Each structure stands twice: as structure tokens, then as C-alpha cells.
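Visitor: I'm new to reading structures and the vocabulary throws me. Could you show me how each label follows from its definition?

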Amino acid sequence: MTTAAGVIAPGPARDGRIGWLEQTLGGITESLERAIFTERHARSDGWLQRRDPRIKMVAALTAIVAASLTSSLAGLALLYGATLGAAKASRVPFGFFVRRVWLGIPFFAGIVVVPAIFFVPGPRVFDLALGPAHLAPSWNGLAGAAIFVSRVGVSVSLAILLVVTTPWADVLKSLRALKVPQVFVLVLSMTYRYLFLFLHTANGILLARKSRIVGRTSGGEQRRWITGTMGNLMSRAFKMSNDVYAAMLARGFNGEVRTFGTYRVRPTDILALGGTVIVAAGAVLIGRILP
Amino acid sequence: MHIPDGYLAPAVSLALAIPTVPVWAVATQEVKKVLNNRTVPLLAIFSALSFTVMMFNVPVPGGTTAHAVGGTLIAVVLGPWAAAIAVSTALILQALFFGDGGVLAIFANCLNMGIILPFVGYGMYRVLAAGSPLLSTRRAVAAGIGAYAGITVAALAVGIELGIEPVLFSQNGHALYSPYGLREAIPAMVIAHAFGASIVEGLVTGLGVAYLQRRHPEYLTSLSRIFAPDATSNGVAAQRPLWQLVGAAIAGAVAVLAIVGLVEGGGDPGRLFGADWSKVDWPSVATMLLVTAVMGAVLLPATYLLLPRGVKRIGTAFAALAVFAPLGLIAPGFAYGEGNTEDVNAAFGYVPSGLRDLSGVFSAPLSGYNVPLPFFSDASAPLWHAAIGYEIAGIVGMLAAGGVVYAIARILRRGGSTDPLPEGAQP
């Protein structure tokens with residue numbers, strides 16, 4: 001996948017038309033890299049990595065619910081402080097963790113919320129008259145926007161911290177502890193497995209096409225090609241599912257799913273969960289006391 | 001279209017699990033029934049496919065790119081239940097693993113993209129393609145249109161979910177969650193999708209089905225047998241039952257009215273369907289319903305027995321319309337007004353002079369669709385009196401209209417028309 005990126009990277013889109021191909025390939029490659037990157041942190045020896053995955057899952061959900069329930073910046077700051085502390089103790093690279101969240105969030109959530117700053121009624125911060133239009137953000141609007149963006153950021157941080165410090169197999173197994181039906185967990189884990197195969201396949205198809213194209217292609221041609229590729233992927237999916245089913249049958253699959261769960265909850269896990277609940281309750285209560 | 005955490009209030013996020021989780025349960029059962037042990041690998045691999053499809057960015061008119069969901073394409077091949085599971089699984093993976101869409105918002109995202117999208121898309125596809133041969137162009141076009149409709153309706157659902165946030169959850173005048181009301185959120189979502197992502201989804205699905213028809217017709221024949229046993233494969237026209245069409249039309253109209261009413265009333269449930277329901281006097285409505293039901297129970301069988309054989313069914317249907325028409329009296333002053341001169345004055349600031357002059361020219365014998373007797377049309381008469389007056393006016397009107405049409409038809413027929421009317425049709 002690094003070779004793929006290397007091949008594609010040198011030629012930036014000259015006519016803006018073929019650009020989406022690189023963009024797509026770049027997206028796939030990036031997500032693959034990200035996935036592998038995250039597994040690396042999950043295997044390192046840190047505080048969160050040693051916690052029982054089921055406890056970690058419940059704690060993360062508690063904190064996310066608290067982030068959604070609190071309505072004050074102080075509560076969100078408390079939650080984010082705790083999240084950063086946990087990330088630090090788990091040897092998640094600080095710059096990576098903070099940047100990955102806060103470079104993206106203001107961009108997406110922020111753009112969404114900007115017009116609301118000007119429309120919400122209330123006292124104005126300043127009033128800039130631009131001809132007939134008045135540029136006048138209100139304090140209420142700014143407060144709402146700040147809380148909104150922080151809440152999205154804290155929620156995303158918590159979800160990322162959970163996934164970054166937990167191997168995927170453990171995330172899925174702990175879903176069982178939350179009473180998610182076995183079939184769903186199995187489908188999820190198999191999807192995860194074949195996802196990578198499909199991404200590699202799609203990557204290969206794109207690269208093969210890229211390396212055979214000279215000159216420009218029209219938008220219509222590109223759309224025809226992309227739908228053909230999807231149909232092709234679908235037919236591969238059918239063949240593959242038959243093969244996989246045959247392989248499962250050959251290994252004694254009879255519809256029953258058995259997993260071995262060797263997780264053990266230790267006192268420190270209970271303490272960690274208790275701490276999370278206290279922080280979460282605190283964050284919500286601060287919102288009630290301090291407006 | 002992936003809603004992140006923080007946009008929806010936790011109460012809304014969790015409330016959306018109420019429709020989502022049962023659909024998952026039913027979908028699992030439905031898919032198991034036809035596939036038994038094969039379910040797991042097939043669903044897993046199609047989830048991976050859906051995930052991969054969401055990764056493809058396709059250029060759209062306007063210079064940007066958008067990605068498809070592929071829900072309708074999967075629904076056309078595997079059926080809507082399997083598509084619901086496949087897309088939902090892909091969405092859960094995206095939320096947990098790639099941070100695309102929130103963790104708490106999983107139910108919302110799965111409802112929009114994993115359930116509403118494939119079911120609307122597939123339903124539309126089935127209606128449009130009904131009875132056409134499996135490998136016809138019409139099927140590919142129907143799949144494309146279905147996909148377009150599916151993702152647009154899903155966008156509408158997102159708009160509603162985001163739009164009710166400021167209505168339900170605000171503090172000190174500022175919104176706690178997504179800050180835009182229904183008035184902003186619905187057009188923003190629907191228009192952005194209708195001219196962008198929906199086109200992509202429609203094209204991808206239509207061309208994808210065309211590709212499968214050309215290269216892998218076996219997936220459309222053998223599998224659709226399993227997943228949608230009532231689909232025709234040999235071009236025999238399948239008649240869609242009338243009640244399904246009528247039911248769909250009524251449900252659609254009610255949904256549209258409900259949404260318009262919610263937007264108009266600013267999300268106040270007391271003003272659902274654009275009417276002010278607090279003005280309704282419910283006890284008198286109950287009396288009126290009772291009277292109407294009794295009249296229906298007496299009048300309808302009598303009409304059916306009395307009418308000549310040829311017009312039995314159509315006549316009874318019209319009588320039913322007349323009997324149940326007063327139900328419209330319940331609805332209090334609709335937001336758009338009833339069109340009297342005051343409303344016209346309020347809306348336009350003046351009454352067209354022609355209208356004012358004409359309104360006095362002809363005073364109808366049953367003006368206001370009521371019988372001009374104090375019992376029926378007195379201002380203080382109970383609602384059920386008005387209802388009976390309404391019914392009498394309706395029946396008289398129908399008889400009059402039917403009589404005029406019948407007379408004209410007799411005159412025309414005597415005028416020398418030689419082709420006989422088809423069997424069963426009445427003038």
C-alpha cells in the first residue's frame with residue numbers, strides 16, 4: 001500500500017478530472033494505514049491496554065453519554081482532561097491523539113454551526129454594518145457553538161481512545177458482554193476480515209486501471225467504469241461467500257458459534273470503571289450547578 | 001450523511017433504537033429463514049462490499065464528489081432485509097473503527113441509511129419494475145430511480161432528526177445540540193442530497209444493475225427467487241393489488257402532511273398536520289363519530305341492496321364517501337385558511353373586486369354544504385347536527401350530479417353513438 005501511494009503521489013491532477021481517482025485511492029490507503037496504526041497502539045503496554053475490554057467498553061459508553069448529557073463547557077473540559085490523562089497513561093502519542101481530533105472537528109462541526117452564531121437572538125458581541133447586512137454574532141450563539149463543537153470533539157476523542165487502545169477482536173468480544181446477539185458479532189468480525197481483502201482488491205483494480213490509462217477520460221466513461229467495478233466486486237463477493245461457506249463447512253461449522261472467553265475482571269478494572277462513573281457524574285452535575 | 005456524536009441529544013439517539021432494533025431482529029430471522037447457515041458469510045461479505053462501495057468517491061455535476069451507499073443495489077440482489085443487515089454492519093464498523101458517524105448515533109445512522117434507504121429504494125424499485133422482465137432496461141432504470149428516492153428520503157429523515165433537536169433541547173435561548181430547526185435542516189439535507197449524493201446513488205445503482213444484467217444475470221434470477229419469491233422473471237404482468245397502492249398513497253399523503261405541519265407549526269405536536277388541535281371540542285367530536293357510524297351502518301347496506309346491480313359497487317362507494325365526509329369537520333381551521341374573504345384579505349391585503357361582486361350573485365340552496373334549517377346550520381347547533389346536514393347535502397349533491405350526467409348520457413346515446421359501452425361500465 002505504500003508502493004501504491006508512491007506510484008500515485010507524483011502526478012497531481014492536472015485537469016481536475018482524474019483527481020477523484022487519486023482521492024479515492026488515497027482515502028482507501030489512508031484508512032488502511034490508519035487501521036494498522038491503531039492496532040500498533042493497541043498492542044503496546046499501557047494503562048488502558050491492560051484493562052478488561054468489557055469494562056473499557058462500558059466505561060467509554062458512560063463517558064460518551066455524559067458528554068452528550070452535560071450542557072456546560074466546564075463539564076466537557078473535565079471529561080476531556082480525564083480523557084487526555086487516560087491517553088497519556090496509555091502511551092498514545094499525545095500530538096497524534098489531539099491533532100487527529102481537533103484538526104478535523106472544527107472543520108466539519110464548526111462549519112455547520114457558524115451561521116447559527118449570527119441567527120441566535122440575544123445581546124451582540126459587536127455589530128459590523130456591511131451595507132445593508134449586519135455582521136453581528138450574539139453571545140448566546142457563540143456559547144451554543146462552543147458547547148456544540150466541544151461536545152462533538154470530546155465524544156469523538158473518547159471513541160477514538162477506546163478503539164486505539166483495544167485490539168479489534170477484543171472490541172467485538174466485549175460486544176457480547178453487552179448482549180449483542182452472537183450472529184451480529186460474528187458477522188461484524190467476518191466483515192472486518194473481508195473488508196481488508198476488498199479494500200486491497202479495489203486498490204489493485206484502481207492501480208491496474210491507472211497504469212493502463214494514457215490521456216484523459218470523460219466523466220461518463222469514469223462513471224461507467226466505476227459501476228462496472230462495483231458489479232465486478234459484487235460478483236467476487238458471491239464467489240467468495242460460497243468459498244468461505246465451503247471452508248467453514250469443512251472445518252465443522254454447523255450453525256453454532258462458539259467462542260472462548262478468558263477475560264477476567266480484576267479489582268483495578270472495577271476501580272477504573274468507578275472512577276469513570278464518578279468523572280462522568282461530575283461532568284453532568286457541573287453543568288447543573290454552573291450554567 | 002453520517003451523523004456524528006454530539007449532534008443528537010442522547011434521548012433522541014436512544015429513542016431511535018426503538019424502531020431500529022426490532023427491524024434488525026426481524027431481518028435476522030427473515031434472512032436465516034431462506035439461507036440458514038449460509039447467512040453469516042454472505043452477509044459479512046456483502047457488508048464488506050457496502051463498506052467498500054462507500055469508499056468510492058464518484059464525480060458529480062458541480063465539480064465535487066460524493067459517495068454512494070449501495071443499499072438499494074444490495075436490496076435488489078439480496079432483498080431488503082439482507083440489505084438492512086449488510087449496510088447496518090458496515091455502518092457499525094465505520095463508527096467503531098474509523099470514527100465515521102458517532103457511537104451513540106449508531107441507531108440513527110442505521111435507521112436512516114441501513115433501514116429507510118434500502119426499504120424505500122427497494123419498494124420504489126418493485127413498484128416501478130412490477131411485471132417487467134428480469135433483464136429489461138426498465139428494471140435497471142427502476143433500480144436507479146428507487147435508489148435516488150431511497151437516499152433522498154433517508155436525507156429527509158436525517159433532516160427531521162437534526163431539526164427536532166433545537167425544538168426539544170434548548171437552554172437560555174441557545175440550542176444544546178444541532179442548532180438548526182426543521183425549517184433549515186430539512187431543506188439543507190434534502191436539497192444537498194437531491195442534487196448530489198442522490199444522483200450518484202441512482203447512477204451507481206442503475207448502472208450496477210445494468211452491469212449485473214449483462215454479465216451476471218444469474219445473480220438476479222436465482223437469488224431473487226430465494227429472497228423475493230413473488231418477483232416475476234418471465235415478463236408475466238403481475239397486478240399489484242389495489243389496496244396496496246391506495247394504502248401507500250394514503251400513508252404517503254399522511255406523512256407529507258405531518259412533515260409539512262411540523263415545519264409550519266415549528267415542531268409543536270399540538271399543531272400536527274398544520275391544524276390547531278387544541279381548538280377541537282373532543283366530546284362533541286365523539287358524538288358526531290357515533291352518529292356517523294350509526295348512519296353508515298344503516299345507510300350503506302341499504303344503498304347496496306337498493307341500487308340496481310350495475311351501479312351497486314360504485315354507488316355504495318360514493319354513498320360511503322358522503323356518509324364519512326363530515327369527518328373533515330373535525331379538522332379545525334387549517335394553517336392555509338379555508339379561503340373566506342377574511343383570509344384572502346389577510347393574505348393579499350385586498351379582496352379582488354370581481355370576487356366581491358360575484359359572491360352575492362348566486363346564493364346556493366345548500367350553501368356552505370349544509371341544509372339551511374336551524375337544526376342543522378344554527379351557529380350553536382352541536383357538531384353532529386352539522387354532520388348530518390353535511391351528509392344530506394352530500395347525498396343530494398351526488399344524486400343531482402349523477403342525474404345530470406345520466407341525462408346527458410341518455411341524450412348523447414340517443415344521438416346515434418353506435419359503439420356499445422363496455423360490459424359493466426355505466427353511463
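Visitor: How do you know how far apart in sequence the contacts of chain B reach?

Guide: Two residues are in contact if their C-beta atoms, placed from the backbone, lie within 7 Å. Take those contacts in chain B whose residues are at least 6 apart in sequence: 68% of them join residues at least 24 apart. In chain A, residues 24 or more positions apart account for 78% of the contacts with a separation of 6 or more.

Visitor: Is there anything I should keep in mind about the model and its names?

Guide: This is a predicted model, where local features need pLDDT of at least 70 and side-chain atom pairs count only at pLDDT 80 or more, while totals for chains, interfaces and linings use all residues. Residues are numbered from 1 along each chain as its sequence is written, with chains lettered from A and ligands numbered from 1 in the order in which they are written.

Visitor: What makes up the secondary structure of chain A and of chain B?

Guide: Helices (H or I, at least four residues) and strands (E, at least two) are DSSP runs, numbered from the N terminus. By that rule chain A has 11 helices and two strands, and chain B has 17 helices and four strands.

Visitor: Why are H3(A) and H11(A) called parallel or antiparallel?

Guide: Axes are lines fitted to C-alpha atoms, for helices over the stretch in contact, and angles run from 0 to 180 degrees between N-to-C directions. Under 35 degrees counts as roughly parallel, over 145 as roughly antiparallel, 65 to 115 as roughly perpendicular, and the rest as oblique. The axes of H3 (residues 53–69) and H11 (residues 267–289) of chain A cross at roughly 5° and come within 9 Å. H3(A) and H11(A) are therefore roughly parallel.

Visitor: Which kinds of residue make the contact of H3(A) with H11(A)?

Guide: Ala, Val, Leu, Ile, Met, Phe, Trp, Tyr, Cys and Pro count as nonpolar, Asp, Glu, Lys and Arg as charged, and the others, Gly among them, as polar. Here that gives 12 nonpolar, two polar and one charged. Among them are A:Val58 and A:Thr62 of H3(A) and A:Asp269 of H11(A).

Visitor: What about H4(A) and H11(A): parallel or antiparallel?

Guide: The axes of H4 (residues 73–89) of chain A and H11(A) come within 7 Å and cross at roughly 160°. That value makes H4(A) roughly antiparallel to H11(A).

Visitor: And what makes H10(A) and H9(B) oblique?

Guide: H10 (residues 219–250) of chain A and H9 (residues 197–215) of chain B have axes that cross at roughly 60° and come within 8 Å. So H10(A) is oblique to H9(B). The contact includes A:Arg223 and A:Gly228 from H10(A), and B:Leu207 and B:Tyr211 from H9(B).

Visitor: How do you know whether H4(B) is covered?

Guide: A residue is buried if 20 or more other C-beta atoms lie within 10 Å of its own, exposed if 12 or fewer, and partly exposed in between, with C-beta atoms placed from the backbone. In H4 (residues 71–78) of chain B, eight of its eight residues are buried, making it mostly covered. One of these buried residues is B:Ile74. Across whole chains, 40% of the 427 residues of chain B count as buried, and 36% of the 291 residues in chain A.

Visitor: What is the largest nonpolar core here?

Guide: A nonpolar core is a set of buried Ala, Val, Leu, Ile, Met, Phe, Trp, Tyr and Cys residues joined through C-beta atoms within 7 Å. The largest one has 149 residues, and A:Leu79, B:Leu43 and B:Ile74 have the most contacts inside it. H7 (residues 137–168) of chain B gives the most to this core, with 16 residues.
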